[in-house]
Amino acid sequence: MAENPIITICLMAILFITRLASTLGKSKPWTGFLPPQIQTLDFARHLHVEPDAIKSVSSDYGNIVHENPAAVLYPSSIEDITSLIKFSYNNYTPFTVAARGHGHSVGGQAMASNGVVVDMTSLRNHKNGTGITVSKCPSLGFYADVGGEQLWIDVLHSTMEHGFAPVSWTDYLYLSVGGTLSNAGISGTTFRYGPQISNVYEMDVVTGKGELVTCSSHTNSELFYAVLGGLGQFGIITRARIALEPAPKRVKWVRMLYSDFSAFTRDQERLISINGRKQKNALDYLEGSLLMAQGPPNNWRSSFFPSSDIPKIMSLVTQHAIIYCLEVAKYYDDGTRYTVDKDLQQFLKGLSFVAGFMFEKDVSFVDFLNRVRSGEQKLHSQGLWDVPHPWLNLFLPKSRILEFNKGVFHDLVLKRNITTGVVLFYPMNRKKWDDKMSAVIPEEDIFYTVGFLHSSGFNDWQAYDHQNKDILKFCDKAGIEIKQYMPLYNSNKEWINHFGSKWRNFRERKAQFDPKMMLSPGQRIFNDI
């Protein structure tokens, strides 16, 4: 007997309503913040609301800001991410979404209060070793296609298997590719090779509309330049094509100590003036830092100085209050191992460091790039890694460094006598940055990066935070036009001042690629608009 089509339709409708009611009847706590319909979508099985899941993304390396999302997405594919964002975008009341890599931000930038945090590391469990691939083409040479969730340490190891490596690095390699490219990615290699964002050929990006877009300087270029240094405001990076060069085998690593600030900076600027990517007579790495009495010469960034030399180094520090350390490196391989010492001596000839205070090491290329790891492991073993990190990172115009040295290093930091962590101070060349990208730097041809990398107890981080704010107040009062790297602002007015002439373009790009302002709310750029 033929079935009655009306009865069939009614039965199907009843079955659908019953299943939907059953699903909604098992409503989870986050349905108060997220639309209940989200539970019926395919990616919902990867959404987690358990306390452990929420806790894992409610803090970051800074360990100062704590905000709970409504849920955490552990994506098994890029499609899970696009579906999540598209669902929010098409919803009457969109919820916010933040991508989290290794969680190394210090001010809650990768958080999404009452929204959804996408744990990008989950993708590494579903790619079966395909997250990093090395290829070659006539126009680009060798390059690596890398998932945005991948860590730079894994990029290093994977590309080294082919005899190649990226040329621009961060000091710490356990950071995600998408995370550093959303900021800039800087270190002692930046003066020569530019920041990491200057070494990207192409990207796949999930926009704030849930669209997966391939972009480069030639295709969808507006999105390409927006995302690089864009603080996660325009999309989530799911793939980046990274420039590669033949990898060296070993590194000559040298540190020199200075008692005179002017000599220290003059020598740094002289050394970074030789900066061609193909120049064989250029250094590969240059950084500077400060040594002060309240902090040991060897710290978590590297145990460089021989223990037998620590007493004489501390004696020098005691004598001058602040000692400036210039750190350089020259890579070499089998073809240059017999000439690298001579080349290095040419660099060091005529430098004005304190006589008898030059120290040298010869290490493998991988050990040099991964130099921070041993310090991290030591701090982990002592329970000192997961503590508050009230950091402050600045870009400072070259023309104002003398004022900064006196007003901040001597008159503020020394007198407070609380700084025990790393203080970085080294120059970069503006021409190595692309002004079309979202990253903001000073206008001068040479500018310095200043990093106060504090670690503190849970009860005294405010003292460091107050010092950071006083440093910013000093710069503002003195008219020093600094730019924050990994910026922390709380008002739209401060962000407008930060971006300066780039603000209008930044805002227009936001309207184009994330019109409902869903992405990366933890940056607090558009929250009060």
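Strands 8 and 9 make a hairpin, with 4 residues sitting between them. In the turn, G210 takes a positive phi of about 85°. Keep in mind that this is a predicted model. The hairpin belongs to an open sheet of 5 strands, and two helices come into the picture as well.

**The hairpin**
- Strand 8 covers residues 200-207 and strand 9 covers residues 212-216; they pair in the antiparallel sense over 5 bridges.
- What does V206 stand opposite in strand 9? V206 faces L212 there.

**The sheet**
- Reading across, the strand order is 5-6-10-8-9, and the pairing is antiparallel.
- Strand 5 (132-137) and strand 9 are at the edges with a single partner strand each, so one side of each has no neighbour in the sheet.
- On average, neighbouring strands here are turned by 20° against each other, direction ignored.

**The helices**
- Helix 3 (residues 78-90) packs on the sheet and touches strand 8, strand 9 and strand 10 (235-243).
- The direction of helix 3 makes about 50° with that of strand 8.
- Helix 4 (residues 152-160) lies across strand 5, strand 6 (141-147) and strand 10.
- Helix 4 runs at about 50° to strand 5.

Notes:
Residues are numbered from 1 along each chain as its sequence is written. This is a predicted model: local features need pLDDT of at least 70, side-chain atom pairs count only at pLDDT 80 or more; totals for chains, interfaces and linings use all residues. Side-chain values use heavy atoms; hydrogens and water are left out. Two strands pair if DSSP finds at least two bridges between them. Axes are lines fitted to C-alpha atoms, for helices over the stretch in contact, and angles run from 0 to 180 degrees between N-to-C directions. Contact means heavy atoms within 4.5 Å.
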